[in-house]
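Work through the exercises below with the sequence and the 3D structure at hand. Try each task before reading its solution.

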Amino acid sequence: MGPSSLGPFLRYQISPSQISYQAAPFLKFIDGTKGFSNTWSEDLVTVIMLADSNGRDISVPHYPGSNLQIREALHLLSKALLEKDNPMKPQKVLVAGSISPWIEALVLNSDLKLVDDKVYVTDYNPLEIEDPRIEFILMDNLKSSYFSPDFDIILSFSSIEHDGLGRYGDPINPRGDIAAVAEYHAMLKENGSFILGLPMVCSDEQHGTVVGNAHRIFSLERLSKMTCGFDVVGERIDPLTLRPVNGIRTCVPDWQYQPVFTLKKTKGLDCYMEILP
């Protein structure tokens, strides 16, 4: 993974910029440890969906334009599913890790046909959801039964880089990122899809790093280990302003450069058993 940049040991450090502008009137910011109020009203979800339908940026301020990356991945996936089965089979979709429902809104607005017309969301912290279009499953409950593959599609954006570092109260585990992806792999049905956004280095030759216990920045080598049970479908989807020009990507590798990858479950768990203790 590369060297670690030492710094103060962080606990949570949640900021008001971690939700979209559209969500701010509905979710009260409490403090840097407790974060935001945890009730998602139907009005909140509807406002974000309408903003997305009207072409507004519904991503969080830390990652401007990331809604376009997720939307592009969902569009390409919908197109592939429709080419395979017309009409499209209903998909059971899970958003893994969420503070506000901007990714859920993108899924609900997409061309995907959803099982029971809803999207599922999971997190280690409980959410009170008042919208019938979204169903919450506590991560601990989901992990207790993850050996029964259940989901067709899982999405994770700006989450994996924190796993195992202890910032959000989780146990310290140097391979926590790989363990998390292995769990999502097990939750997916055969040939299921995983849409993954995470901080990456800018070129394939650069080394990744661990920035204290705040987050990781991934190298291509680490990404390959972490996604050993998947095949990459298509090219990485960069933020619109950081897409390569003449094959050259110019960016600073930090936590705000988060390309999105579309992955397909094609292999078993054996490769993870070889990596994880």
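**Exercise 1.** Find the element that holds Asn 191, and state what is unusual about its phi.

Solution. Step 1: Asn 191 sits in strand S10; helices (H or I, at least four residues) and strands (E, at least two) are DSSP runs, numbered from the N terminus. The model is a predicted one, in which local features need pLDDT of at least 70, side-chain atom pairs count only at pLDDT 80 or more, and totals for chains, interfaces and linings use all residues. Residues are numbered from 1 along each chain as its sequence is written, and side-chain values use heavy atoms, with hydrogens and water left out.

Step 2: The phi of Asn 191 is positive, about 65°, although the residue is not a glycine. Most residues other than glycine have a negative phi, and most peptide bonds are trans.

Step 3: With a relative accessible area of 39%, Asn 191 is partly exposed. Here buried means under 20% relative accessible area, exposed over 50%, and partly exposed in between (1.4 Å probe, protein chains only).

**Exercise 2.** Locate Ser 158 and decide whether it is buried or exposed.

Solution. Step 1: Ser 158 belongs to the loop between strand S9 (151–157) and helix H5 (176–187). Step 2: Its relative accessibility is 15%, so Ser 158 counts as buried. Step 3: Ser 158 is not a glycine, yet it has a positive phi of about 55°.

**Exercise 3.** Which residues does a cis peptide bond join?

Solution. Step 1: The cis bond is between Asn 86 and Pro 87, with omega about 5°. Step 2: Pro 87 is in the loop between helix H2 (66–84) and strand S5 (93–96).

**Exercise 4.** How many disulfides does the structure hold, and which parts of the chain does the pair tie together?

Solution. Step 1: There is 1 disulfide, a disulfide being a pair of cysteine sulfur atoms within 2.5 Å. Step 2: Cys 228 and Cys 271 are the partners, with an S to S distance of 2.1 Å. Step 3: Cys 228 lies in the loop between helix H6 (220–226) and strand S13 (230–237), and Cys 271 in helix H7 (residues 270–275), so the link ties together parts that are 43 residues apart in sequence. Step 4: The link of Cys 228 and Cys 271 is right-handed, with 80° about the S-S bond. Step 5: Cys 228 counts as buried at 17% relative accessibility, and Cys 271 counts as buried at 19%.

**Exercise 5.** Place Gln 206 and give its distance from Glu 221.

Solution. Step 1: Gln 206 is in the loop between strand S10 (188–197) and strand S11 (209–211). Step 2: Gln 206 is partly exposed, at a relative accessible area of 31%. Step 3: From C-alpha to C-alpha, Gln 206 and Glu 221 are 9.6 Å apart in space, and they are 15 residues apart in sequence.

**Exercise 6.** Describe the chain as a whole.

Solution. Step 1: The chain has 7 helices and 14 strands. Step 2: Its radius of gyration is 18 Å, close to the 19 Å that the globule rule gives for 277 residues, so the chain is as compact as a globular protein of that length. The radius is taken over C-alpha atoms, and the rule is 2.2 Å times the number of residues to the power 0.38. Step 3: The C-alpha trace spans about 45 × 45 × 45 Å along its principal axes. Step 4: Of the 277 residues, 51% count as buried.
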